[in-house]
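Reader: I should be grateful for a close look at one strand of this protein and its surroundings, together with an account of its cysteines and of any unusual backbone geometry.

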Amino acid sequence: MKDKDNDSVIITVKGYKEVRLIRGQCLFDALISEDIPISSVCSKGRKCGKCKVRILKGDKSVSKTDFDLLSKEELDNDIRLACALYPLEDTEIEIVNEDEEILACDEIEFSEEDFTDAPVHDDKEGCGIAIDIGSTTIAGCIVDLSQEQLIASNTRVNSQRKYGADVVSRIAASNAGKGALLQEAVRSDIMEMIFYLISKAKVIKSQVKKIVISANTTMTHLLLGFSCEGLGLYPFNPVNISLMSYEARYVIPKAGLRCQVYFIPGVSAYVGADIVSGLYFCDYDKKEAINLFVDMGTNGEIAIGNKDRILATSVAAGPAFEGGNLSCGMASVAGAISHASINEDGEIFLRTIANKLPKGICGTGAVEITAELLEANRVDKSGKFVDPGDDPIILEKDILGNPIAFTQNDIRQIQMAKGALRAGIEILIKRYGIKAEDIDNLYLAGGFGYEMNVDKAIRIGMFEAGYKDKVVPLSNSSLFGAVKFLLARAAAEDVCKIVDVTEDIPLAADDDFNEKFISYIDF
């Protein structure tokens, strides 16, 4: 790129390519437009401090946003935030936080005997593909329909993350005119996953007879190109959450597949198909006993009931369970502190995902650190450090020597998240007209629930102590439900039955919920 004019500058991104941008253009926008992966929770909202780059050559001025969100050590190491960088001269940079890491907490937990290296046995029956589209990751697997065997699986980062880490950010991005970009991003992800799966399974495109997709309501809307206007404003009306079927060429036009794509139905804007799929996997359409289902994330989805009646709701738990809004928070990727313990001498022992060098703290790590500090009497019932000098606690240092700290505000974030979740559970139990002891099983869905230490979650008051022996960790129940849909003859009827008996309970303006939320903030 030697031809340069006075109105543009060249950004050399180490390990990637040169990018030309208009002089004074935001670097974050340029990186996103060139599909160069960079972390972002707030989607250029200048709040999360995740879109870090190191200036190797060029202007190293510090912006107010850099000063507010980065540590002194980071600033001294020429680290700046891409969202606040507007290059006026040719610049060389290095991405510090890459968002395209393979998630180490792989949500697909199949046993070895579930897989086979053999090609599909019956070409007439062919194979089916099940896909779960989550806000953070997309997971999928390919199934031999005649043998009912899982052949291969794959998990990858949802590339829509560059437009924001949560559904609220993506709804806002879609409504701001980026809907087509969001749609193309997830289409490309799905197409690449399908090509990987059929290659791994040693089949050809014509053998793919059916695809089943499970996703939260926002992800479904973005994939199908539906307007997200109704999802961002009360009363939160989705365009379509029914059981849908489209030809593959409409959903993923560049994939060259000739089969039907089925979308599992949802209940509401915030109790989506991923929850219905999880309930279907747990046989809620057949169970007589009353069970509790909890999927913990930025929005905590909760469902209680059996085959005759289900109450469901979504609570705004905030992003703490996914590492958001924590001072050194991060997603559940390699290097995230995920487990912690404190011995009698006050020494803190940490474990990271994949046993990599520590980079930050994920949701399970934050819960365990909080529980251990409570047990060691270093944090009181109200959530305050007993010794103010403990704020912040330096747990470790990252590879750059920056402290990985746990702060008073981090404890508050965990309190807010667990208080909202616990209040939502208690409201549904009360509305259902039962007591906690009447619940047969507590199903914990998702990567966070699967990895979470139940004893420590109970210690901070997230769940009642009586649930300890009733917990069933599910990992990716949304994907498992989609696999079950692929194989079951009466799948459409059964998932629709679950939707028909489910009542959505909105809690945003519920005075009883607000009262319980406040009461459950304390430990």
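Author: A disulfide is a pair of cysteine sulfur atoms within 2.5 Å. In this predicted model, a search of the whole structure for such pairs returns zero disulfides. Two cysteines illustrate the result. The closest cysteine sulfur to that of Cys259 belongs to Cys127 and is 8.8 Å away, which is too far for a bond. Cys259 is buried, because its relative accessibility is 7% and the cut-off for burial is under 20%. For Cys496, the closest cysteine sulfur is in Cys282, at 18 Å, and this is likewise too far for a bond. Cys496 has a relative accessible area of 28% and is therefore partly exposed.

The strand chosen for the close look is β12, which comprises residues 291-295. Five of its five residues are buried, so β12 is largely enclosed by the rest of the structure. In a regular strand, side chains alternate between the two faces of the sheet. In β12, Asn291, Phe293 and Asp295 point one way, whereas Leu292 and Val294 point the other way. Residues of both groups are buried.

The pairing of β12 may be described next. With strand β13 (residues 299-305), β12 pairs in the antiparallel sense over five bridges. The connection between β12 and β13 is a hairpin through three residues. With strand β20 (residues 442-445), β12 pairs in the parallel sense over four bridges. Phe293 takes part in both pairings: its bridge partner in β13 is Ala303, and in β20 it stands opposite Tyr443.

Before β12 comes a loop that begins after helix α8 (273-281), and Asp283 lies in this loop. Asp283 is not a glycine, yet its phi is positive, at about 65 degrees. Its relative accessibility is 28%, and Asp283 therefore counts as partly exposed. Ala354 also has a positive phi of about 65 degrees without being a glycine. Ala354 is placed in the loop between β16 (348-352) and β17 (360-361). At 46% relative accessibility, Ala354 is partly exposed, because the exposed class requires over 50%.

Peptide bonds in the cis form require separate mention. One of them joins Tyr234 and Pro235, with omega at about 10 degrees. Pro235 is in the loop that runs between α6 (229-232) and β10 (244-247). Another cis bond leads from Asp391 to Pro392, and its omega is near 0 degrees. Pro392 belongs to the loop between α9 (363-375) and β18 (393-397).

Finally, helix α10 occupies residues 408-432. Its 25 residues should span 36 Å at 1.5 Å a residue, and its end C-alpha atoms are 36 Å apart, so the expected and computed spans agree. Of these 25 residues, 20 are buried, and α10 is accordingly described as mostly covered. Gly433 follows α10 and has a positive phi, near 80 degrees.

Notes:
Residues are numbered from 1 along each chain as its sequence is written. This is a predicted model: local features need pLDDT of at least 70, side-chain atom pairs count only at pLDDT 80 or more; totals for chains, interfaces and linings use all residues. Side-chain values use heavy atoms; hydrogens and water are left out. Buried means under 20% relative accessible area, exposed over 50%, partly exposed in between (1.4 Å probe, protein chains only). Helices (H or I, at least four residues) and strands (E, at least two) are DSSP runs, numbered from the N terminus. Two strands pair if DSSP finds at least two bridges between them. The expected span of a helix is 1.5 Å times one less than its number of residues.
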